[in-house]
Amino acid sequence: MSAVVYAHSEVRRARYAVAAVFAVHGAVTGSFATRVPWIQDHAGVSAGQLGLALAFPALGASVAMPLAGSVSHRFGARTALRGLLALWTLALVLPSLAPNLLTLCLALFVYGASAGMSDVAMNALGVEVENRLNKSIMSGLHGMWSAGALIGSAAGTLAAHLGADARLHHVLAAGVLTVLGLVACTWVLDLQPAEDEDPPPRFALPPGSALLIGAVGFCAVFAEGASLDWSAVYLRDQLETSAGLAAACTTGFTLTMAVARLAGDKVVDRFGAVRTVRVSGVLATLGGLLVVLGGHPAVAMTGFALMGLGIAVVVPLCFAAAGRAGSNPSLAIAGVATITYTSGLVAPSAIGGLAQATSLVVSFGLVTVLACCLVVFAKVLRAGDRNRPKISPPSAAVPDRQP
């Protein structure tokens, strides 16, 4: 991308704009998740068929994310994000329209593909803003995604409670979120490719640096997916708690993650990415040990809360490190995103399969081992470390291309 100099006030405005984009992106996910039961009934699919269909968003994202770099190169970062985000918000409508399993799988594939490409584009712009401000913001941006997901799920819960048709709900939600997303994209950085910059390949494997960083993200997302999908089951089946208490455990895990992400940037700026992830890994490992060895609902709930606190900032820091690890940030970010999406796809079924063969205690023993890996391999995130001298922001805007 060409070197465009922006005033500090413009970069700060771009920070808020991309934060709004993250919130819109999360709100789509929350809006969809709450209406899955309605979609299942409308499509007439069984629980097993629904499980198969729900693998298609991750498959679509994994296939499409490597294309995001070439889209941004061709159209510029702002225009690309505007288009990709609009595709994502409008794709919310597709699953609720599906009348059978085949169309549901196709709809969810498109839904996931648009989610993945817009995810890469907004994270690349987030890293660029972070670089220009020379302070950590990625954790807060992902915290805004969590906040958007909570708002979307709250609206979806209300719609479900009122018995609203999900097609109507999602058409209205898609319209509102599309408008909000387009407005927010007006103020993101308008990065353009340099005249002598070669276009990236339309599809390419992630660079080696992204594989190492992605491995750290894989461990964190595996723990996140396992905890989100299985923490309530663990308390209900393993510790024989009530359904309400089991659900509260999952809520507590989600809240600790959201709060930690919103507050995480100050910690990262103070201690750096590597030390933050090492401490995070210690907290997540301690949480896993409490879950596995505690044997009491209160202890296990504390353990899940600690895991949420420990893994919250890891993925944002992986994206930040990927954006600084090589000459093609979009490609590296796409590689990390692909690996983390794959982890999110694999984790729930892997935990279930291992639990079927052994027990849930053994399954979360594996989660604890992966959490410990965060401590061991945190050093690969050194490219994203913010512990370095601050750079004074430019005092005037001298863009080489007008937005």
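This report walks through salt bridges, cysteines, a covered helix and a surface patch in the structure above. The model is a predicted one, so please read each value as computed from its atoms.

**Charged pairs**

Let us start with the charged side chains. The structure has four salt bridges in total, and the table sets out three of them, including one inside a helix.

| Salt bridge | Closest N to O distance |
|---|---|
| Glu128 and Arg132 | 2.7 Å |
| Asp165 and Arg167 | 2.8 Å |
| Arg236 and Asp237 | 2.8 Å |

In general, side chains of opposite charge can pair when their charged atoms come close.

The pair of Glu128 and Arg132 is a good one to look at first. Both residues belong to helix α8, which covers residues 101-133, and they are four residues apart, so about one helical turn separates them. An α-helix has 3.6 residues a turn, so residues three or four places apart point the same way. The contact between the side chains of Arg132 and Glu128 also appears as a polar contact of 2.7 Å. As for its surroundings, Glu128 is partly exposed, at 23% relative accessibility.

Arg132 has a further neighbour to check in your viewer. His8 lies 124 residues away from Arg132 in sequence, yet the two C-alpha atoms are 8.4 Å apart in space.

Turning to the second row, Asp165 has a relative accessible area of 27% and is therefore partly exposed. Its partner Arg167 is partly exposed as well, with a value of 33%.

In the third row, Arg236 is partly exposed at 45% relative accessible area. Asp237 likewise counts as partly exposed, with 45% relative accessibility.

**Cysteines without disulfides**

How many disulfides does the structure hold? The count is zero. Cys219 takes part in none, and the nearest cysteine sulfur, belonging to Cys373, sits 4.7 Å away. A disulfide would call for two cysteine sulfur atoms within 2.5 Å, so that pair does not qualify. Cys219 is buried, with 10% relative accessibility.

Why is Cys372 not bonded to Cys373? Their sulfur atoms are 6.4 Å apart, which is too far for a bond, and Cys373 holds the closest cysteine sulfur to that of Cys372. Cys372 is partly exposed, at 35% relative accessibility.

**A covered helix and a buried glutamine**

Helix α15, made of residues 314-324, is mostly covered, with eleven of its eleven residues buried. Among them are Val314, Leu317, Phe319 and Ala321, together with Cys318 and Gly323. The charged residue type is represented too, because Arg324 is under the 20% limit for buried residues.

Gln192 is found outside the helices, in the loop between α10 (166-185) and α11 (208-238). Is this loop residue buried or exposed? Gln192 is buried, since its relative accessible area is 10%. Its side chain makes a polar contact of 3.1 Å with the side chain of Asp190.

**A nonpolar patch**

Finally, have a look at the surface. Leu59, Leu345 and Val346 together make a nonpolar patch of about 200 Å². Leu59 comes from helix α4, residues 56-64. With a relative accessibility of 38%, Leu59 counts as partly exposed, and this value is over the 30% that a patch residue needs.

Key: Residues numbered from 1 in each chain as written. Predicted model: local features only at pLDDT ≥ 70, side-chain atom pairs only at ≥ 80, totals over all residues. Heavy atoms only, no water. Helix = DSSP H or I, 4+ residues; strand = E, 2+ residues; numbered from the N terminus. Buried < 20%, exposed > 50% of the residue type's maximum accessible area, 1.4 Å probe, protein only. Polar contact = N/O pair within 3.5 Å; in protein donor to acceptor, adjacent residues only side chain to side chain. Patch = residues over 30% accessible without salt bridge, like charges linked within 9 Å, V, L, I, M, F, W, Y side chains within 5 Å. Areas by Shrake-Rupley, 256 points an atom, 1.4 Å probe, with all protein chains shown as cover.
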